[in-house]
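Visitor: I should like to take a close look at how the charged side chains pair in this structure, and then at how its helices pack. Please proceed step by step, as for a first-year student.

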Amino acid sequence: MADADMKAAAEADLVYKLEDKPPFANALLSAITHLLAIFVPMVTPALIVGGALKLPAETTAYLVSMAMVASGIGTFLQVSRFGPVGSGLLSIQSVNFSFVGVMISLGLGMREGGLSESAMLSTLLGVSFAGAFLICASAWALPYLKRVITPTVSGVVVLLIGLSLIDIGITDFGGGFGAKGTDAFGSVQNIGLAGFVLVIVLLFNCMRNPFLRMSGIAVGLVAGYIAALAMGMVDFSPLQNTPLFTLPVPFKYGFAFDWSAFLVAGTIYLLSVFEAVGDLTATAMVSGQPYEGDEFQKRLRGGVFADGLVSVIATALGSLPLTTFAQNNGVIQMTGVASRHVGRYIAVILVLAGLFPVVGRVFTTIPSPVLGGAMVLMFGLIAIAGVRIIMTHGINRREAVIAATSVGIGLGVAFEPEVFKALPEVFRNAIAAGGIMAVALNLILPRDEKDQVVRLEE
């Protein structure tokens with residue numbers, strides 16, 4: 001009864017329901033609003049990975065361009081729902097933040113092992129391409145994973161994603177990976193610029209107007225970029241000799257495979273299924289659609305299957321893996337627009353933006369402190385989202401022990417990755433180690449129905 005009441009309340013708040021077709025102007029405005037919420041998080045992973053691995057500007061720009069193209073293709077598949085592919089909800093695809101730290105740690109290890117830049121990229125994208133098929137397969141196993149995919153397990157994975165990314169964000173805050181070991185790292189100039197961006201984002205986040213709140217990160221980055229221009233910190237050399245059009249090239253950097261790296265990437269893929277299930281459930285709820293029963297299970301299976309298929313396409317084109325983005329659930333709630341047809345406008349805009357490389361090249365000129373000022377808050381919010389997922393249905397002693405142990409192991413690995421050097425490499429990744437621990441404890445620890453549940457409302 002409570003679920004039905006929540007569904008009815010969500011549907012009553014909608015201006016445009018799932019199958020409604022808004023007029024062109026309204027649909028375009030809604031599409032732009034959604035893009036404001038995801039555009040920066042969409043291009044940031046490629047910028048962070050490119051900077052950490054010291055990739056050439058043209059390579060990083062290509063990664064950014066392909067992220068936009070793949071996100072557009074993925075969004076179109078999700079909202080259109082072709083047979084078993086897609087959720088049929090306003091589910092927006094974007095780059096999976098779970099892979100940022102993984103790509104950096106694996107890439108740096110490959111560099112230390114003597115691999116060339118091309119060989120490193122071909123291996124990273126090769127194992128990501130192969131791993132994406134695990135998501136496709138897991139979509140059909142969802143009915144058998146109900147005991148595994150609990151709010152506690154999903155929340156721990158999301159929490160560890162946010163916490164592990166904060167290290168990357170604060171590094172950019174101080175000047176970026178390239179500045180580490182130099183006097184520039186942590187300089188007053190870098191800290192001041194990053195702090196300025198953070199203050200702008202926080203100010204906009206305090207605004208009552210939903211549109212202004214959503215655009216806070218974009219405004220902060222623009223303001224920081226202008227300040228960096230005035231300080232002479234922007235390098236425009238990446239924009240030289242930029243081609244007018246970028247043609248996506250499948251396996252542009254070749255295809256290579258490494259079992260050790262695949263084990264890590266595959267584990268992260270499987271753990272990201274938990275996050276996708278939570279995001280899709282939330283989208284169904286705010287869209288006034290059933291979030292249980294046969295119809296919902298079909299949507300869930302199609303959404304997760306699309307996640308895997310889109311990551312296959314993305315990594316083949318040269319992008320990091322994709323996933324369903326949670327940020328858009330907030331946009332649906334704030335705007336009252338749940339129409340899946342708006343997703344097609346978003347898809348077209350993203351593909352067009354990705355095909356013209358000047359868009360990607362411009363983003364590569366953003367100084368690291370500007371990104372860091374916005375990313376510290378963004379990654380912190382991802383961690384908080386994990387806490388909220390854990391508390392979805394309240395938390396008892398058993399769930400608290402699972403969450404505390406898993407987060408403790410995950411963060412411990414982040415601080416001292418060599419602790420588990422005798423074990424497979426997958427256990428030296430914070431998200432993978434913590435996620436595996438959460439799944440194992442959830443299956444092993446006995447349940448006590450007498451445990452008192454603490455809820456957020458209390």
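Guide: What follows is a connected account of the salt bridges and then of three helix contacts. Please keep in mind that the model is predicted.

Let us begin with the charged side chains. Side chains of opposite charge can pair when their charged atoms come close. In this model the count comes to four salt bridges, and three of them can be examined here, starting with Arg340. Arg340 forms a salt bridge with Glu19, and the closest N and O atoms of the two are 3.1 Å apart. Arg340 is in the loop between α12 (327-335) and α13 (342-355), while Glu19 is in the loop between α1 (2-12) and α2 (24-52), so the pair ties together parts that are 321 residues apart in sequence. The surroundings of the two residues may be read from their accessibility. Arg340 has a relative accessible area of 14% and is therefore buried, since buried means under 20%. Glu19 has a relative accessible area of 47% and is partly exposed.

We turn next to Arg81 and its partner. Arg81 forms a salt bridge with Glu295, with the closest N and O atoms 3.2 Å apart. This pair, too, links distant parts of the chain: Arg81 belongs to the loop between α3 (57-80) and β1 (93-95), Glu295 belongs to helix α11 (residues 294-317), and the two are 214 residues apart. Arg81 is partly exposed, with a relative accessible area of 26%. Glu295 also counts as partly exposed, at 37% relative accessibility.

Glu295 has a further partner. The side chain of Glu295 meets that of Arg299 in a salt bridge, at 3.8 Å from N to O. Here both residues lie in helix α11, four residues apart, which is about one turn of the helix. Arg299 is buried, with a relative accessible area of 8%. Taken together, Arg81, Glu295 and Arg299 are linked in a network of salt bridges.

We now leave the charged pairs and consider the packing of helices, beginning with α7 and α9. The axes of helix α7 (residues 188-205) and helix α9 (residues 216-230) come within 8 Å and cross at roughly 150 degrees. Angles over 145 degrees count as roughly antiparallel, and α7 and α9 are therefore roughly antiparallel to each other. Their crossing is right-handed. On the side of α7, the contact is made by Leu193, Phe196, Val197, Ile200, Val201 and Phe204; on the side of α9, the residues include Gly216, Ile217, Val219, Gly220 and Leu221. By class, this contact of α7 with α9 has twelve nonpolar, three polar and no charged residues.

The second contact is that of α10 and α17. Helix α10 (residues 259-286) and helix α17 (residues 430-444) pack at an angle of about 55 degrees, and their axes are 10 Å apart. That angle makes α10 oblique to α17. α10 passes α17 in a left-handed crossing. The residues that meet are Thr267, Ile268, Leu271 and Phe274 in α10 and Ile431, Ala432, Gly435, Ile436 and Val439 in α17. By class, the contact of α10 with α17 has seven nonpolar, two polar and no charged residues.

One residue in the loop that leads to α17 may be added to this picture. Phe427 is found in the loop between α16 (397-415) and α17. Phe427 counts as partly exposed, at 27% relative accessibility. Leaving aside residues up to four places away in sequence, Phe427 touches Val413, Phe420, Ala433 and Ile436. Ile436 also takes part in the contact of α17 with α10. Phe427 and Phe262 are 165 residues apart in sequence, and their C-alpha atoms are 13 Å apart in space.

The third contact joins α4 and α6. Helix α4 (residues 98-112) and helix α6 (residues 151-173) pack at an angle of about 50 degrees, with their axes 8 Å apart. That angle makes α4 oblique to α6. The crossing of α4 and α6 is left-handed. Ser98, Val100, Gly101 and Ile104 in α4 meet Ile161, Leu165 and Ile168 in α6. The residues of this contact divide into five nonpolar, two polar and no charged.

Methods. Residues numbered from 1 in each chain as written. Predicted model: local features only at pLDDT ≥ 70, side-chain atom pairs only at ≥ 80, totals over all residues. Heavy atoms only, no water. Axes fitted to C-alpha atoms, helices over the stretch in contact; angles between N-to-C directions. Parallel < 35°, antiparallel > 145°, perpendicular 65-115°, else oblique. Left-handed = near helix turned anticlockwise from the far one by under 90°. Contact = heavy atoms within 4.5 Å. Nonpolar A, V, L, I, M, F, W, Y, C, P; charged D, E, K, R; others polar. Buried < 20%, exposed > 50% of the residue type's maximum accessible area, 1.4 Å probe, protein only.
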